[in-house]
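Here are a few short exercises for getting to know a ligand and its surroundings. Try each task with the structure open, then read through the solution.

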Amino acid sequence: MSTYTIINPTTETAVRDVALADIAQTDAIIMKAATAFETWRKVNPGDRARLLRKFAAIVDDHIEELAQLEVLNSGHTIGNARWEAGNVRDVLNYYSAAPERLFGRQIPVPNGIDVTFKEPLGVVGIIVPWNFPMPIAGWGFGPALAAGNTVVLKPAELTPLTAIRLGELALLAGIPEGVFNVIPGKGSIVGERFVTNPIVRKVVFTGSTTVGKQIMRGSADQVKRVTLELGGKSANIIFANADIEKAAAGAPGAVFDNAGQDCCARSRILVERSVYEKFMSHFESAVKKFRVEDPSLDSAEMGPLISAGQLARVKEYVPDNSEVAFQGSKPEGPGYWFAPTVLTPKDESDRAYREEIFGPVVSVLPFEDEADAIRIANNSEYGLSGSIWSRDIGQAVRVSRAVEAGNLSVNSNSSVRYWTPFGGYKQSGLGRELGPDALDSFTETKNVFFDTQA
Ligand code: NAD
């Protein structure tokens, strides 16, 4: 059996080896999930709800342990990691209300009664990236289990530790064997098998746009259901009438949080030309103050990148001749550190401005007026997230309707609330997670007509 050595990105030291599943092992666990589906789907809605609440309570009891594990495995700041573990608990609690509320409809028809049912799909495969191992896993397995499906979940090779622990906690909570299965392994083996094995009825994929397209192509063979959460290059649009100090103070966190390894990172800042200098001066002091340090410290605002490979990839975007306006700090010594970096590209053709870097690098561009801001914001193949800073309510409404992105915030940089739908326009994805509608992605609507004339 092959193994993968987990490296702590803060110290560059080995944490432990994790066994990687091969195709036969993957198929065996998928089969186990298929068997468990036959009983899980029949568990009374109230009992399924109780089990999910118990799972949430057990996660709550282990928040600190899960958070410390994420700091060790992923270099997330401890503050973020606690939020991430808490998000798994919250998502489980939110969807624990679903089994008792999976309503169908009764539709008036002639000569009979017509009823719709929300039926579970069967085995759902969830493929998770390394940037937010806990929340992204929970956004998949929470609603999937609530709707009566069983789950096979593949964490990213680099970051399997919290997912493995969540699998153990599910059993501790009384979720029956085979209902929630975590399978560490390679994308090209375990992940691809989720696509090709016909027992898996749906794939939920979060990761790069390139792999997402492959999954969509592969799923076509079996008309397999897919939800895709892919890349982003989101715009932070700052109008002259906005609270410039507030927008500038929030801008580092909006892009450098999680070392920029966030699909919602506001990695393009668009500033109305008349306030460009003012914004840049406040932004510079905020970037210089941004605390990049040992992520286990409560004061840390940013830790290292996830791996040597990711560090090399980010460095490529900032060659020596880059238009660097200013940079923040980074610690010396071991660890995959990259200082927060602000670029001022000449125009929109710049590679670092156009492509998703997935590191702490942001490009700032001035714009002339509202129409120009909208045009520049939409000039991207992506459409995941974004912020709009304006004190003019009409303008905020107009611009938020015009920007082609799935999750926008006005005078705020918050992207994720588990009560509300999350997902992308254009090449940022397909389908929505979280919120009340996510359950539709984990059920089939069945329509049954009862003839009352017979
Ligand atoms: P990735 O696409 O390489 O890997 C994501 C997951 O897919 C991993 O678990 C990997 O093992 C698996 N995988 C790789 N090849 C596969 C294949 N051929 N078949 C099936 N599974 C396969 O991405 P990554 O490097 O882990 O994550 C970074 C990327 O993810 C960024 O581009 C980022 O924008 C994107 N992302 C998007 C969101 C979102 O919600 N939209 C969230 C997080 C990350």
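**Exercise 1.** Find out which pocket the ligand occupies in this predicted model.

*Solution.* Start from the space that the ligand takes up: this space is the largest pocket. Next, look at what lies around the ligand, and you will find 28 residues. The closest include Val 128, Ser 208 and Leu 230.

**Exercise 2.** Work out which parts of the protein supply the shell around the ligand.

*Solution.* Begin with the domains: domain 1 (3–230 + 428–451) and domain 2 (235–417) each give at least three residues to the shell. Then go down to single elements. Helix H7 (187–196), strand E8 (200–206) and helix H8 (209–220) each contribute at least two. Finally, sort the shell by class: 15 residues are nonpolar, eight are polar and five are charged.

**Exercise 3.** Identify polar contacts to oxygen atoms of the ligand, taking N or O pairs within 3.5 Å.

*Solution.* Take the side chains to begin with. Glu 157 places a polar side-chain atom 2.7 Å from a ligand oxygen, and a side-chain N or O atom of Trp 130 is 3.0 Å from a ligand oxygen. Now check the backbone: Gly 207 has an N or O atom there, 3.1 Å from an oxygen of the ligand. As a last step, consider cover: of the 840 Å² of accessible area that the ligand has on its own, the protein covers 88%.

Definitions and conventions: Residues are numbered from 1 along each chain as its sequence is written. This is a predicted model: local features need pLDDT of at least 70, side-chain atom pairs count only at pLDDT 80 or more; totals for chains, interfaces and linings use all residues. Side-chain values use heavy atoms; hydrogens and water are left out. A residue is near a molecule or strand if one of its heavy atoms lies within 4 Å of it. A polar contact is a pair of N or O atoms within 3.5 Å; within protein, one must be able to donate a hydrogen and the other to accept it, and residues adjacent in sequence count only if both atoms are side-chain atoms. Accessible areas come from the Shrake-Rupley method with a 1.4 Å probe; for residues, only the protein chains shown count as cover. On a 1 Å grid over the protein atoms alone, a cavity is a set of points where a 1.4 Å probe fits but cannot get out, and a pocket is an open set with protein on both sides within 12 Å along at least five of seven lines; lining residues have an atom within 4 Å of a point. A molecule sits in a cavity or pocket if more than half of its atoms lie within 2 Å of its grid points. Helices (H or I, at least four residues) and strands (E, at least two) are DSSP runs, numbered from the N terminus. Ala, Val, Leu, Ile, Met, Phe, Trp, Tyr, Cys and Pro count as nonpolar, Asp, Glu, Lys and Arg as charged, and the others, Gly among them, as polar. Domain bounds come from an automatic or database domain assignment.
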